[in-house]
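Hello,

Here is the structure I promised to pass on to you. Please have it open while you read, and my notes on it follow below.

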Amino acid sequence: MYKRQNLREPVRNPDRYLLYHEVFEKVAEQHGISGYGHLNRLGARVGMALDVPYGLVNFIEVLQRGRLGTDVWFEFLNLGYRIAPAAGSDVPYGARIGDVRSYVKSRNTPFPDTWFTGLSNAHTFVTNGPILSFKLNGFGMGNEVSLDSGEQIIITVKASINPDIDLLDRIELIEQGDVINEIISDNGSDVLELSHALTAEHGTWFVMRAYGKNQQSGDGSVAAISAPIYVSVSYTHLRAHETR
């Protein structure tokens with residue numbers, strides 16, 4: 001249920017196995033990052049409610065076995081907690097290594113350190129097929145964009161996929177959990193793009209999501225989702241105008 005980054009020693013106490021809070025605290029003491037797997041299981045939901053407010057949860061697994069679950073993640077984002085998405089294969093319990101992946105943007109420096117840093121900062125997307133490109137006023141996944149009230153927001157979204165895996169059914173732009181724009185391909189496409197413009201009125205967050213034509217009621221769907229891009233809005237100019 002947790003990952004490690006540059007830990008000096010393993011963190012494990014079999015006698016207190018389910019007390020994740022203690023594990024996460026010890027990982028944080030070693031400058032590691034922690035997160036929850038199996039998001040759709042009740043235990044993960046209850047544990048997150050206990051641990052997220054302490055700032056100990058850096059990521060949560062939203063994609064596993066071709067099943068994308070975002071409701072609980074979106075709820076925490078709407079509460080103001082900034083948590084990166086992650087993907088997990090859950091080998092050997094019914095999946096294959098690498099069938100779902102977390103892609104992380106990292107700098108040209110020693111790889112493991114920058115990968116973990118990129119994940120911690122949410123410069124990431126998760127997928128089992130579609131590759132995502134997502135920009136807001138030129139900023140990418142995981143960034144915060146500071147704007148004045150009334151400024152324009154320009155969002156560009158693109159997904160592509162190897163047609164040997166599947167074809168894309170649709171891409172969606174989501175704001176605070178709601179789909180605000182989408183492009184649907186009736187026959188399927190290996191590339192889908194959309195652009196969206198709106199005015200900055202309040203703090204918010206956006207993610208993009210992509211689905212393949214292969215959609216199952218349980219495991220086995222083709223899907224991808226980005227980390228959020230956050231928008232903070234200043235009302236300084238507005239207040240100055242009102243006081244004149």
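A good place to begin is serine 226, which sits in strand E14 (residues 223-226). Please keep in mind that the model is predicted. Is this serine buried or exposed? With a relative accessible area of 0%, serine 226 counts as buried, because buried means anything under 20%. Leaving aside residues up to four places away in sequence, serine 226 touches a set of residues that includes Trp73, Pro85, Phe125, Leu132 and Met141. Thr124, Phe134, Val207 and Met208 are also among its contacts. Serine 226 and threonine 127 are 99 residues apart in sequence, yet their C-alpha atoms are 8.7 Å apart in space.

Trp73, one of the residues that serine 226 touches, belongs to helix H3, which covers residues 71-78. In that helix Trp73 is buried, and so are Val72, Phe74, Phe76 and Leu77. After H3 comes glycine 80, which has a positive phi, near 100 degrees.

Next, the nonpolar cores. The largest of them has 36 residues. Which residues have the most contacts inside it? They are Leu132, Phe134, Leu136, Ile153, Ile155, Val157 and Phe206. Strand E9 (residues 152-160) gives the most to this core, with four residues. Two of the names, Leu132 and Phe134, are also contacts of serine 226. Leucine 136, for its part, touches Val145, Ile153, Ile154, Ile155, Phe206, Ile229 and Val231, again not counting residues up to four places away in sequence. A second core, separate from this one, has 32 residues, and Leu39, Ile60, Trp205 and Tyr211 are among them.

You may also like to look at the second largest pocket, which holds about 410 Å³ of space. Its lining is made up of 17 residues, and Lys105, Ser106, His123, Met141 and Asn143 lie nearest the centre. Met141 is a contact of serine 226 as well. Helix H4 (111-120), strand E6 (124-127) and strand E7 (131-136) are the elements that give two or more residues to this lining. The largest share, four residues, comes from E7. What classes of residue make up the lining of this pocket? Ten are polar, four are nonpolar and three are charged.

Last come the aromatic rings. A pair of aromatic rings is described by how far apart the centres are and by the angle between the planes. The whole structure has eight aromatic pairs. In one of them, phenylalanine 24 and tyrosine 36 have ring centres 5.3 Å apart and planes at 85 degrees, so this pair is edge-to-face. Phenylalanine 24 is in helix H1 (residues 20-29) and tyrosine 36 is in strand E1 (residues 35-36), so the partners are twelve residues apart and the pair links distant parts of the chain. Both of these residues are buried. Ring pairs also bring Tyr20 together with Phe24 and Tyr36 in a cluster.

Another pair is stacked: the rings of tyrosine 103 and phenylalanine 125 have centres 5.4 Å apart and planes at 20 degrees. Tyrosine 103 lies in strand E5 (residues 101-104) and phenylalanine 125 in strand E6, so this pair ties together parts that are 22 residues apart in sequence. The two partners can be told apart by burial: tyrosine 103 is partly exposed, with a relative accessible area of 33%, whereas phenylalanine 125 is buried at 9%. Phenylalanine 125 also takes us back to the start, as one of the contacts of serine 226.

Best wishes

Note on methods. Residues numbered from 1 in each chain as written. Predicted model: local features only at pLDDT ≥ 70, side-chain atom pairs only at ≥ 80, totals over all residues. Heavy atoms only, no water. Buried < 20%, exposed > 50% of the residue type's maximum accessible area, 1.4 Å probe, protein only. Contact = heavy atoms within 4.5 Å. Core = buried A, V, L, I, M, F, W, Y, C linked by side-chain atoms within 4.5 Å. 1 Å grid on protein atoms, 1.4 Å probe; cavity = no way out; pocket = protein on both sides within 12 Å on 5 of 7 lines; lining within 4 Å. Points joined across faces, edges and corners; volume = space filled by probe spheres on them. Nonpolar A, V, L, I, M, F, W, Y, C, P; charged D, E, K, R; others polar. Phe/Tyr/Trp six-rings, centres within 6.5 Å; stacked < 30°, edge-to-face > 60°.
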